[in-house]
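Me: I'm new to this one. Please pick a single part of it and take me through it closely, with enough of the rest to see where that part belongs.

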Amino acid sequence: MKITQMDFPEKSLLFPGRDKYDYIDSFGGVFDDEHNAIGIDDIVDAFVSPLPRWIGVLMNVRNKIVSLAGLKTGNNTHGIV
């Protein structure tokens, strides 16, 4: 899937106030799913997997630190190292 920048959608809840924001952008992509087999995990992976490796490393460090405080960290990092 290729993600591209696009015009801000007029149907967005934010559209009426778009002039009030300092920064606003919009991106879109199309999934080729002839067999209707794409699930939410596939969608998350498509958006998360292009992240740089260092972000995954920082997320793992964060998860280890907050787990010491008894906070939940989530079991699936969707391809984040």
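Reply: Let's start with a term: a residue is buried when its relative accessible area is under 20%, exposed when over 50%, and partly exposed in between (1.4 Å probe, protein chains only). This is a predicted model, where local features need pLDDT of at least 70 and side-chain atom pairs count only at pLDDT 80 or more, while totals for chains, interfaces and linings use all residues. Residues are numbered from 1 along each chain as its sequence is written, and side-chain values use heavy atoms, leaving out hydrogens and water.

First, the overall layout. The protein chain has two helices and two strands, which follow one another as β-β-α-α from the N terminus (DSSP runs numbered from that end: helices are H or I with at least four residues, strands E with at least two). Of its 81 residues, 12% count as buried. Among the contacts (heavy atoms within 4.5 Å) with a separation of 6 or more, 45% join residues 24 or more positions apart.

The part I'd pick is helix 2, residues 53–68. Its 16 residues should span 22 Å at 1.5 Å a residue (that rate times one less than the number of residues), and the C-alpha atoms at its ends are 24 Å apart, so the two agree. Which residues of helix 2 are buried? They are Gly56, Asn63 and Val66. These three cover an arc of only 95° around the axis (taken from the directions from the axis to the C-beta atoms), which puts them on the same side of helix 2. An α-helix has 3.6 residues a turn, so residues three or four places apart point the same way. Turn to the other side of helix 2 and you meet Arg53, Trp54, Lys64, Ile65 and Leu68, which are exposed. Just after helix 2 comes Gly70, with a positive phi of about 85°.

Asn36 has a positive phi too, about 55°, although it is not a glycine. You'll find Asn36 in the loop between strand 2 and helix 1 (40–48), and it counts as exposed because its relative accessibility is 67%.

Now for the loop between strand 1 (3–5) and strand 2, which holds Ser26. Ser26 counts as buried because its relative accessibility is 11%. Setting aside neighbours within four places in sequence, Ser26 is in contact with Thr4, Gln5, Met6, Asp7, Phe8 and Pro9. Phe15 sits in the loop between strand 1 and strand 2 as well, and at 18% relative accessibility Phe15 also counts as buried. Not counting residues up to four places away, Phe15 touches Phe8, Pro9 and Glu10.

Phe27 lies in strand 2 (residues 27–29) and is partly exposed, with a relative accessible area of 48%. Together with Ile3 and Phe47, Phe27 forms a nonpolar patch on the surface, with about 300 Å² of accessible area in total (Shrake-Rupley method, 1.4 Å probe, with only the protein chains shown as cover for residues). For the whole protein chain, the accessible surface comes to about 7100 Å², of which 56% belongs to carbon and sulfur atoms. A patch like this joins nonpolar side chains (Val, Leu, Ile, Met, Phe, Trp, Tyr) within 5 Å, or like charges within 9 Å, from residues with over 30% relative accessible area and no salt bridge, meaning a Lys or Arg side-chain nitrogen within 4 Å of an Asp or Glu carboxyl oxygen.
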